[in-house]
Amino acid sequence: MRKRTFRGGIHPFEGKELSREQKTVMLPADGEMVFPLSQSIGAPSKPVVAKGDHVLRGQLIAEPGGFVSSAIHSSVSGTVKAIEPRTLATGGKCMSIVIENDGKEEEAEFHPASPESLTKQEILQRIRDGGVVGMGGAGFPTAVKLAPKNPEKIDAVIVNGAECEPYLTSDFRRMMEDGEDLVKGLQVILKLFDNAKGYFAIEDNKPEAIAHMRELTRDLDRIEVVPLRTKYPQGGERTIIKAVTGRELNSKMLPADVGAIVDNVDTVYSIKRAVLDGMPLMERIITVTGDGVKEPKNLRVHLGSSYASALKAAGGAVGSPEKYISGGPMMGFAMYSLDVPLVKGSSCLLVFAKDPVSRLTESSCINCCRCSQGCPERLLPARLADFSERGDLAAFEKLHGLECVECGSCSWSCPAKRPLTQLIKSARRRLLAEKKKAAMQAKAQAAGKAGR
Ligand code: SF4
Ligand code: SF4
């Protein structure tokens with residue numbers, strides 16, 4: 001089996017055995033459901049319901065607040081209890097629609113369609129109406145991503161089944177349990193791109209998923225299953241495009257610039273549901289795992305449920321865990337409360353009995369170069385971190401610091417335990433903010449001159 005990959009990368013402990021054989025089970029929705037209005041990149045969604053309204057499962061409760069924004073639907077039937085700021089998994093606050101679930105699961109009317117009956121515009125409209133966003137964490141509105149300037153130049157639609165983050169197994173379960181729907185979802189996307197071929201790109205630590213998807217696509221000329229070498233961050237947008245097509249892109253480019261579209265497994269499933277079944281995005285699979293969880297599981301959750309309910313469904317915590325992470329250990333973030341809602345981009349609740357990272361002591365760089373060897377963007381993380389510490393953003397930019405994809409490989413590789421990714425991330429934020437400010441000032445000046 002030929003396995004494709006990219007240069008660089010690392011091999012962290014996988015931890016997937018804890019939950020990979022756990023078939024997905026439904027987490028019943030219970031009590032209060034919270035729907036934050038910012039669940040995608042772009043403008044926040046705008047509520048179309050008010051306090052006291054009765055809503056149905058699948059009913060639109062917030063419409064897109066702009067072109068780059070997404071619709072939000074209730075995952076339960078019940079009553080709108082409040083529209084107020086609520087805490088998110090990140091710790092920040094966000095205006096949210098709070099619905100008291102009545103437990104009746106009364107559904108809105110859904111309108112299925114056959115793929116042959118839909119035009120390209122109708123497909124895109126159904127995806128937009130269904131509130132589908134990138135569910136691998138990016139949260140980019142899918143209807144916008146699937147409408148590039150030159151659709152005829154797209155020749156590769158890649159379904160990202162790499163699932164390269166340690167511990168996560170939700171995409172694996174989706175491929176094993178809903179493979180037919182994924183094929184249908186990919187065929188829907190291919191209807192938008194006449195010159196494209198579809199690829200299921202899957203890391204070779206999931207041989208069953210590779211075999212299963214191959215079986216399902218055996219007679220389909222336009223779809224190929226591509227095994228990828230297991231290596232972090234193989235599932236990054238740039239690295240998966242490089243592995244599948246051999247093409248490279250940088251921070252100034254979009255995948256469409258190199259003829260590619262990449263969508264995560266769960267996103268493709270949601271596209272199938274929205275376009276063919278007429279059902280909006282109301283559920284997703286999350287993995288609840290780690291050595292701090294009694295019974296690691298893959299759960300099908302109603303969006304708006306709490307992380308706490310997901311942990312309870314997995315048997316609860318073992319003792320008093322020291323660390324909770326939303327997402328994977330490489331790119332996820334620490335959580336300080338589980339009484340926060342599961343949203344479209346929530347892929348995993350990781351619970352660790354101990355938090356070894358908090359006990360690490362940083363020492364001086366020994367110039368071993370391990371950080372640069374693992375960097376998928378061929379950067380020099382040690383130098384970039386130095387520039388960040390010194391506040392030398394010009395030097396940071398000159399050494400291509402903006403090309404960092406914040407994958408965390410450099411920090412993981414560093415024997416001196418330097419917080420390389422955090423330092424680089426911080427410099428990127430500062431530099432991007434400076435650039436934005438300069439662009440706004442230039443625009444204001446230009447407007448001033450034109451008005452004179
Ligand atoms: S976080 Fe950035 S600098 Fe570090 S390895 Fe990843 S891409 Fe390279
Ligand atoms: S891995 Fe750590 S110790 Fe080695 S060169 Fe990079 S920053 Fe220095």
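How many bridges join strand β7 to β8? There are 9 of them, and the two strands run antiparallel. Keep in mind as you look around that this is a predicted model.

**The strands around β8**

Let's stay with β8, which covers residues 93–101. Strand β7, made of residues 78–87, is one of its partners, and strand β2, residues 32–36, also pairs with β8 in the antiparallel sense. Here is how the two pairings look side by side:

| Strand paired with β8 | Bridges | A residue and its partner in β8 |
|---|---|---|
| β2 (residues 32–36) | 5 bridges | Pro36 opposite Ser96 |
| β7 (residues 78–87) | 9 bridges | Pro85 with Met95 |

β7 and β8 form a hairpin, with 5 residues between the strands. In that hairpin, have a look at Gly91: its phi is positive, near 100°.

**Helix α1 and its neighbours**

Next, find helix α1, which runs over residues 120–129. Which of its residues are buried? They are Ile123, Arg126, Ile127 and Arg128. The buried residues of α1 pack against three helices: α2 (142–145), α4 (179–192) and α7 (265–277). After α1 comes Gly131, another glycine to check out, with a positive phi near 65°.

**Around ligand 2**

Finally, head over to ligand 2, which has 14 residues surrounding it. Which ones are closest? That list is Cys365, Cys368, Cys371, Ala382 and Cys414. If you sort the shell around ligand 2 by character, you get 10 nonpolar residues, 2 polar and 2 charged.

Terms used. Residues are numbered from 1 along each chain as its sequence is written. Chains are lettered from A and ligands numbered from 1 in the order in which they are written. This is a predicted model: local features need pLDDT of at least 70, side-chain atom pairs count only at pLDDT 80 or more; totals for chains, interfaces and linings use all residues. A residue is buried if 20 or more other C-beta atoms lie within 10 Å of its own, exposed if 12 or fewer, and partly exposed in between; C-beta atoms are placed from the backbone. Helices (H or I, at least four residues) and strands (E, at least two) are DSSP runs, numbered from the N terminus. Two residues are in contact if their C-beta atoms, placed from the backbone, lie within 7 Å. Two strands pair if DSSP finds at least two bridges between them. A residue is near a molecule or strand if its C-beta atom, placed from the backbone, lies within 6 Å of it. Ala, Val, Leu, Ile, Met, Phe, Trp, Tyr, Cys and Pro count as nonpolar, Asp, Glu, Lys and Arg as charged, and the others, Gly among them, as polar.
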